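Student: Hey, got a minute to walk me through a structure? I'd like to start with how its strands pair up.

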Amino acid sequence: MGATFSAILNINSPNQGVEAADFVVSFDPDYLKVATISAGNYFGIYPVKQIEKDRVKISGIANLVNDKFIIPIGRGTIGSIVFETLDATTSTQISFDREKTIVASGGKNILDQITNLEVRITE
């Protein structure tokens, strides 16, 4: 308890460019608190880095350089969330909100496999 740890949000879109994405990550505020969030290296612009009591939202969009969109493809990091542990528990989840997390390519949501994180906090 009282320790911090980082959860890294990674993306892998090997076959399709990603124009924009919203990642909404939920957690139990009885056990975890967000200390900081930081943008990754996948997108050129991160217009939203929002912390709420029980969720975090990170949004990224393709960068416009010399009147041309630079659309990322492949692997990269969306961002990093530093959590602070508040209370002991045998199990609590850090999970993606499947309805609000969107990975946009060609006007469609191509979100496929996502992996949640289970955390154990000891005294």
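Tutor: Sure. One term before we begin: two strands pair if DSSP finds at least two bridges between them. Also keep in mind that this is a predicted model.

Student: Okay, so how many bridges are there between E10 and E11?

Tutor: E10 and strand E11, which is residues 108–109, pair over two bridges, in the antiparallel sense. Within that pairing, Lys 108 in E11 is the bridge partner of Ser 105.

Student: What's going on with Gly 106 in that hairpin?

Tutor: The hairpin of E10 and E11 has two residues between the strands, and Gly 106 takes a positive phi near 60° there.

Student: Which other strand does E10 pair with?

Tutor: Strand E2, residues 20–27, pairs with E10 over three bridges, again antiparallel. Ala 20 is the residue opposite Ala 104 in E10.

Student: And which residues of E10 are on the covered face?

Tutor: Val 103 and Ser 105 are on the covered face, while Ile 102 and Ala 104 are on the uncovered one.

Student: Why do they switch like that?

Tutor: Because in a regular strand the side chains alternate between the two faces of the sheet.

Student: Zooming out, how many helices and strands does the protein have?

Tutor: Zero helices and 12 strands. The C-alpha atoms fill a box of roughly 55 × 25 × 20 Å along the principal axes, and 37% of the 123 residues count as buried.

Student: What about the largest nonpolar core, which residues have the most contacts inside it?

Tutor: Those are Leu 9, Phe 23, Ile 58, Ile 78, Ile 81 and Phe 83, in a core of 25 residues. Several strands give two or more residues to this core, including E1, E2 and strand E8 (74–85). E2 gives the most, with four residues.

Student: Pick one, say Ile 58. What is it in contact with?

Tutor: Leaving aside neighbours within four places in sequence, Ile 58 is in contact with Leu 9, Phe 23, Ile 78 and Ile 81, among others. Tyr 46 and Val 48 are also among its contacts.

Student: New topic: how much space lies in the largest pocket?

Tutor: About 710 Å³. The pocket is lined by 25 residues, and Asn 10, Ile 11, Asn 12, Gln 113 and Ile 114 lie nearest its centre.

Student: Which strand gives the largest share of that lining?

Tutor: E1, with seven residues. By class, the lining has 15 nonpolar, nine polar and one charged residues.

Definitions and conventions. Residues numbered from 1 in each chain as written. Predicted model: local features only at pLDDT ≥ 70, side-chain atom pairs only at ≥ 80, totals over all residues. Heavy atoms only, no water. Buried < 20%, exposed > 50% of the residue type's maximum accessible area, 1.4 Å probe, protein only. 1 Å grid on protein atoms, 1.4 Å probe; cavity = no way out; pocket = protein on both sides within 12 Å on 5 of 7 lines; lining within 4 Å. Points joined across faces, edges and corners; volume = space filled by probe spheres on them. Nonpolar A, V, L, I, M, F, W, Y, C, P; charged D, E, K, R; others polar. Core = buried A, V, L, I, M, F, W, Y, C linked by side-chain atoms within 4.5 Å. Contact = heavy atoms within 4.5 Å.
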